[in-house]
Amino acid sequence: MTTLYESAYAKINLTLDILCKREDGFHDLETIMQTLSLCDDVEIDVQTGKEWTLWCDKEDVPCDSRNLAWKAAELFEQHSGRNLGGVAIRIKKRIPSQAGMGGGSSDAAAVLRMLNRYCGHLFSEMELADLGGRIGSDVPFCVAGGTCMCEGRGERLRRLPAMPECTILVCKPEFGVSTPALYRTIDEKEILRRPDNAAMEQALKAKDLASIARGVWNVFDPVVSEVHPEMNEIRDVMQQCGALGQQMTGSGSAFFGVMPDAQSAERAAEQLRRRYSCIFICKPV
Ligand code: C5P
C-alpha cells in the first residue's frame, strides 16, 4: 500500500463573463481564476487490496461514488489503464460547499495530480486538466492552479502572470446558490456590466494590485445581490475597512475582498464575525 498527500486549493474568480448559452446547455465563459491558500487536505491510499472507501470530516459531504474525488480516481484508473488495486480517500475539508470556491473540484484535481505523480507523470498537466473537464467545468483550472484565463466551459486554460502577493478576505454567508438555477436566471436577463478581461490581464502583467482589485467583476454578482441583501452588507464592511476591490466568486455565495494589508483584513473579519461564522483570511497561491 502507498499513501499519497496533496493540498487542494480553493479558487476565486477575479472576473467572470458569460458570452453565450451553447447547444449542449452549458455556457461559454471568459473567467480569470486564481487559487488561494485556503485548502482541503486530501490523502489517498492506493493498492489497499480492499473495497474503495472515502472518508470526510464534514457530514454533508457524500462519502461514495457521488464525491468528485472518487470520480476522479475512477476516471484516472479507466484512462491510465493502471489498476489502483483498491483506493481509500480521506478529505479534511476547509473549503466551504456551495460557495463558488471549487471545493469539490479542487479535491478531484488533487486526486488527479497525486495519481498522475504515482504513475510517473503519465499525463502532461494539460492532458490531466482535459481529463478533469469530464468531472466538472472548474476541475481543469483546479488541476493547473495559479492564475489562468479560462474559456469555453472553463476547460480552455491560458496561464497568466501570477497575482501579486496580497491579503484576500473571504466571507461565506449561510445561504447557498444553485448553480444551474443561477445560469437559468441570467439567461433571462440582460447583462448590463461586464468585466474588462483585457485590462485585468494588463494589470496582472504590470503586477498592479490596485488595478487588479478595481477590475474584479462577476456578472453573477448583481443577480445574487438583488435577492440576498447580505451580499451588500458584506460588501459595505469590506469597503469601509479599505478593500481595494470586492465581489462574489463564481456562482456564490462566498464573497471576497482584496485587502490592502493584513490589519485591515483582520478589522473587517472582526466585524463580519458578529454575523457570519465562515470567514477566511488568505493569500493567492
Ligand atoms: O460543470 P459543472 O458540474 O460545474 O456545472 C454545473 C452546472 O452549471 C451545469 O449543469 C450547468 O447548468 C452550469 N454551467 C454552465 N456553463 C458552464 C459551467 C457550468 O451552464 N460553463
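Biologist: What makes S1, S2, H2 and H5 part of the story of the largest pocket?

Modeller: In this predicted model, strand S1 (2-21), strand S2, helix H2 (103-118) and helix H5 each supply at least two residues of its lining. To count as lining, a residue needs an atom within 4 Å of a pocket point. The pocket has a volume of about 1200 Å³. It is lined by 42 residues, and the closest to its centre are Leu68, Ser105, Asp138, Thr179 and Ser251.

Biologist: How many of those lining residues are nonpolar, polar or charged?

Modeller: The lining divides into 16 nonpolar, 19 polar and 7 charged residues.

Biologist: And where is the ligand with respect to the largest pocket?

Modeller: Right there: the space taken by the ligand is the largest pocket. The cut-off for sitting in a pocket is that more than half of a molecule's atoms lie within 2 Å of the grid points.

Biologist: Which residues are around the ligand?

Modeller: Gly25, Phe26, His27, Leu29, Gly136, Ser137, Arg153, Thr179, Pro180 and Tyr183. Each makes the list because one of its heavy atoms lies within 4 Å of the ligand. By type, this shell has 4 nonpolar, 5 polar and 1 charged residue.

Biologist: Which element gives the most to that shell?

Modeller: H5, with 3 residues. Strand S2 (27-46) and H5 (179-187) each supply at least two.

Biologist: Why is the pair between Ser137 and the ligand called a polar contact?

Modeller: An N or O atom in the Ser137 side chain is 2.5 Å from a ligand oxygen. The limit for two such atoms is 3.5 Å, so this pair qualifies. His27 passes too, because one of its polar side-chain atoms lies 2.7 Å from an oxygen atom of the ligand. With Arg153, a polar backbone atom is 3.0 Å from a ligand nitrogen, so that pair also counts. On its own the ligand has 450 Å² of accessible area, and the protein covers 72% of that.

Biologist: Away from the ligand, what makes Gln98 stand out?

Modeller: Gln98 has a positive phi of about 50 degrees, although it is not a glycine. You'll find Gln98 in the loop between strand S4 (87-92) and H2. Lys207, also not a glycine, has a positive phi of about 55 degrees. Lys207 is in the loop between helix H6 (197-205) and helix H7 (209-215).

Biologist: Is the peptide bond from Gly252 to Ser253 cis or trans?

Modeller: Cis, with omega near 10 degrees. Ser253 lies in the loop between strand S9 (245-248) and strand S10 (255-259).

How values were computed
Residues are numbered from 1 along each chain as its sequence is written. This is a predicted model: local features need pLDDT of at least 70, side-chain atom pairs count only at pLDDT 80 or more; totals for chains, interfaces and linings use all residues. Side-chain values use heavy atoms; hydrogens and water are left out. A polar contact is a pair of N or O atoms within 3.5 Å; within protein, one must be able to donate a hydrogen and the other to accept it, and residues adjacent in sequence count only if both atoms are side-chain atoms. Accessible areas come from the Shrake-Rupley method with a 1.4 Å probe; for residues, only the protein chains shown count as cover. On a 1 Å grid over the protein atoms alone, a cavity is a set of points where a 1.4 Å probe fits but cannot get out, and a pocket is an open set with protein on both sides within 12 Å along at least five of seven lines; lining residues have an atom within 4 Å of a point. Helices (H or I, at least four residues) and strands (E, at least two) are DSSP runs, numbered from the N terminus. Ala, Val, Leu, Ile, Met, Phe, Trp, Tyr, Cys and Pro count as nonpolar, Asp, Glu, Lys and Arg as charged, and the others, Gly among them, as polar. Grid points are joined across faces, edges and corners, and a volume is the space filled by probe spheres set on the points.
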